[in-house]
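Biologist: Could you show me the model and take me slowly through the reasoning behind the terms used for it?

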Amino acid sequence: MSEIRHDWTKEEIIDIYNKPLLELVYEAASVHRQFHNPREVQISTLLSIKTGGCPEDCAYCPQAARYHTDIETNDLMTVDQVKAQALRARSSGSSRVCMGAAWRNVEDGPEFEQVLDMVRTINKLDMEVCCTLGMLNENQAQRLAEAGLYAYNHNLDSSEEYYGEIISSRGYGDRLRTLENVRKTNVTVCSGGIIGMGESIEDRAGMLLALASLSPQPESVPINALVAVEGTPLEEQETTPIWDMIRMVATTRIVLPNTTVRLSAGRTEMSKEGQAFCFLAGAGSIFAGDKLLTTPNPDVNEDMELFNTLGLIPMKPYAKGAQPTPVAPEEMTPAEGEKTRWSRPGHRIEKNVEATKKANKKRKESKLVE
Ligand code: SAM
Ligand code: DTB
Ligand code: SF4
């Protein structure tokens, strides 16, 4: 049985990353089964509630005001707009809405109050709510918690050493401080990073070391493959090889065994088989919907077909602190004698896929009528 360790060394993590690929995937898949239900995948929908015009200089980001990308910039959405989008996401099988704002940090005032209203509104729809709004102080984190926020996403993005090559307008310490402020509340922590920015394997291991050293470890770790956007300093970066993505997902799975690993940006460049490998290696979540924040993402119907092919089940939302829906299908029962820590119930994929198909058909029909 694997244990949760906070004392990994960078060398150990590099050795894991460099294992023969199939051994690495086998080990990661075994750890995954000890801590998680391997058939469940959590589906989140991203919503860019305030797009572009960001004062920061993150070299990968199409939303930084100083780069000339052709994204459409938008002021903060209204609560009603957000509610309508959340309802659409729910009808396509998503259990969580993650609202992103192109801010350096949260400022107290009417816009923050509006975001708090959005959090309350989505909560009432029985969906989990996540936000990624930049840096937060302790009081802001607490207010988000009181509004019912489920998770806060704030990525370390790379190793401390490589961070300075990518961002100069803030430091690694700033990122860690926000994570600490979130940790003081009951909001869960979502923090990960990007591969394919020109960093070394040591940097990838360094980022995982920083995340694994947090105590407790983040509840969720998004692994993004760089989406190289024209106009950003990283526009010339080549597509990340799928093998690197599989290795990164598998290594994350082993080093942070109890964490949900999110297969995040970059899926449009990945084959179905490549993504299947990532699920086998321990990815337990995706962002669904045809858009991430500003860049494309696979069509939700294609994702559902892939889930169907692989026998994966979209996870249902559950309220913080509440017990998830009671254990159901026999197929979720671990084999006799098999030690597992996952106790979360299964959900019938056939039912979910059917419901999703119906909802999509309805949506298409209503669009045609419009
Ligand atoms: N402004 C906030 C912040 O920086 O924390 C929230 C939004 S920001 C867009 C959220 C995350 O998206 C970044 O930390 C980064 O990991 C990811 N991201 C942004 N642009 C990306 C790209 N081109 N490719 C992959 N991931 C990207
Ligand atoms: C994360 O790690 N990836 C998501 C979410 N957290 C906010 C964002 C990906 C953004 C990709 C580029 C874009 O669409 O603008
Ligand atoms: Fe701004 Fe966040 Fe983009 Fe950096 S990643 S430029 S902070 S929106």
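Modeller: In this predicted model, a nitrogen atom of ligand 1 is found 3.0 Å from a polar backbone atom of tyrosine 60.

Biologist: Why is this pair with tyrosine 60 called a polar contact?

Modeller: A polar contact is a pair of N or O atoms within 3.5 Å, and the atoms of ligand 1 and tyrosine 60 are 3.0 Å apart, so the pair meets the cut-off.

Biologist: What makes the pairs with alanine 101 and asparagine 155 polar contacts?

Modeller: The same cut-off of 3.5 Å is applied: a backbone N or O atom of alanine 101 lies 3.3 Å from a nitrogen atom of ligand 1, and an N or O atom in the side chain of asparagine 155 is 2.9 Å from an oxygen atom of ligand 1, so both pairs qualify. The protein covers 90% of the 560 Å² of accessible area that ligand 1 has on its own.

Biologist: How do you know that ligand 1 sits in the largest cavity?

Modeller: A molecule sits in a cavity if more than half of its atoms lie within 2 Å of the grid points of that cavity, and ligand 1 is assigned to the largest cavity, which means that ligand 1 passes this test. Ligand 3 also sits in the largest cavity.

Biologist: What makes Glu56 and Arg170 the charged part of the shell around ligand 3?

Modeller: Glu and Arg count as charged, and Glu56 and Arg170 are among the residues around ligand 3, so they are the 2 charged residues of a shell that also has 7 nonpolar and no polar residues.

Key: Residues are numbered from 1 along each chain as its sequence is written. Chains are lettered from A and ligands numbered from 1 in the order in which they are written. This is a predicted model: local features need pLDDT of at least 70, side-chain atom pairs count only at pLDDT 80 or more; totals for chains, interfaces and linings use all residues. Side-chain values use heavy atoms; hydrogens and water are left out. A polar contact is a pair of N or O atoms within 3.5 Å; within protein, one must be able to donate a hydrogen and the other to accept it, and residues adjacent in sequence count only if both atoms are side-chain atoms. Accessible areas come from the Shrake-Rupley method with a 1.4 Å probe; for residues, only the protein chains shown count as cover. On a 1 Å grid over the protein atoms alone, a cavity is a set of points where a 1.4 Å probe fits but cannot get out, and a pocket is an open set with protein on both sides within 12 Å along at least five of seven lines; lining residues have an atom within 4 Å of a point. A residue is near a molecule or strand if one of its heavy atoms lies within 4 Å of it.
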